[in-house]
Amino acid sequence: MLFRLILLFTIVPFAELVLLLWLSDVTSWQFTVLLVLVTGVVGAWLARLQGWQTWQKIQRQLSSGEAPAGTLVDALLIFVAGALLLTPGILTDAVGFSLLIPPARAVIKKWLSAKFRGSMVMQGQAAQFWAGTQNSQNRHNEQIIEVQATHKTDSDND
């Protein structure tokens, strides 16, 4: 994992630098600087707008009693998109803008779900109890499920 992070923090900035130098050579350094500034401003604005809409959606889901799990993943991906768009570069801008496109974000959410589903082991038990108001006729049966999630390692497969 550490090796992958080292590669990420060395290869990506190097590739960004090469692309920016190439773009400034093909066009002009003024165009390249303007492109970096415009994508940063527009990207931050779009990420803020989508982040606010996602926050409102989370609030609506919570107030209606729904679990906003998918919307929380959207919020995380929008946050990552904003960070990538504020980082100068062509590759990071491309990835950042793609995370702001809802269909692309849905594909990434599905991929993340499949990736983490295979690495998590769920253990749970269900408990039944009666809950109700002071009036015994308004009681209804609810089910509580307690779940414990643990990270599955490669040594667990042996």
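Trainee: Is the crossing of helix 3 and helix 4 left-handed or right-handed?

Mentor: This is a predicted model, where local features need pLDDT of at least 70, side-chain atom pairs count only at pLDDT 80 or more, and totals for chains, interfaces and linings use all residues. Residues are numbered from 1 along each chain as its sequence is written, and side-chain values use heavy atoms, leaving out hydrogens and water. A crossing is left-handed if the near helix is turned anticlockwise from the far one by less than a right angle, and right-handed if clockwise. For helix 3 and helix 4, the crossing is left-handed.

Trainee: At what angle do the axes of helix 3 and helix 4 cross?

Mentor: Helix 3 covers residues 69-86 and helix 4 residues 90-99 (helices are DSSP runs of H or I, at least four residues, numbered from the N terminus). Their axes (lines fitted to C-alpha atoms over the stretch in contact, with angles from 0 to 180 degrees between N-to-C directions) come within 8 Å and cross at roughly 150 degrees.

Trainee: Which word describes how helix 3 runs relative to helix 4?

Mentor: The crossing angle is roughly 150 degrees. Angles under 35 degrees count as roughly parallel, over 145 as roughly antiparallel, 65 to 115 as roughly perpendicular and the rest as oblique. That makes the two helices roughly antiparallel.

Trainee: How are helix 3 and helix 5 oriented to each other?

Mentor: Helix 5 spans residues 102-117, and its axis is 11 Å from that of helix 3. Helix 3 passes helix 5 in a right-handed crossing, and the packing angle is about 110 degrees. The two are therefore roughly perpendicular.

Trainee: Which residue of helix 3 forms a salt bridge with Arg105?

Mentor: A salt bridge here is a side-chain nitrogen of Lys or Arg within 4 Å of a carboxyl oxygen of Asp or Glu. For Arg105, the closest N and O atoms of the pair are 3.1 Å apart. Arg105 lies in helix 5, so the pair ties together parts 31 residues apart in sequence. The helix 3 partner is Asp74.

Trainee: Which residues are linked with Asp74 in a network of salt bridges?

Mentor: A search of the whole structure finds two salt bridges. Besides the pair with Arg105, Asp74 meets the side chain of Lys109 at 3.3 Å, N to O, a link across 35 residues. The network therefore joins Asp74 with Arg105 and Lys109.

Trainee: Is Lys109 buried or exposed, or in between?

Mentor: Buried means under 20% relative accessible area, exposed over 50%, and partly exposed in between (1.4 Å probe, protein chains only). Asp74, at 13%, is buried, and so is Arg105. Lys109, at 24%, counts as partly exposed.
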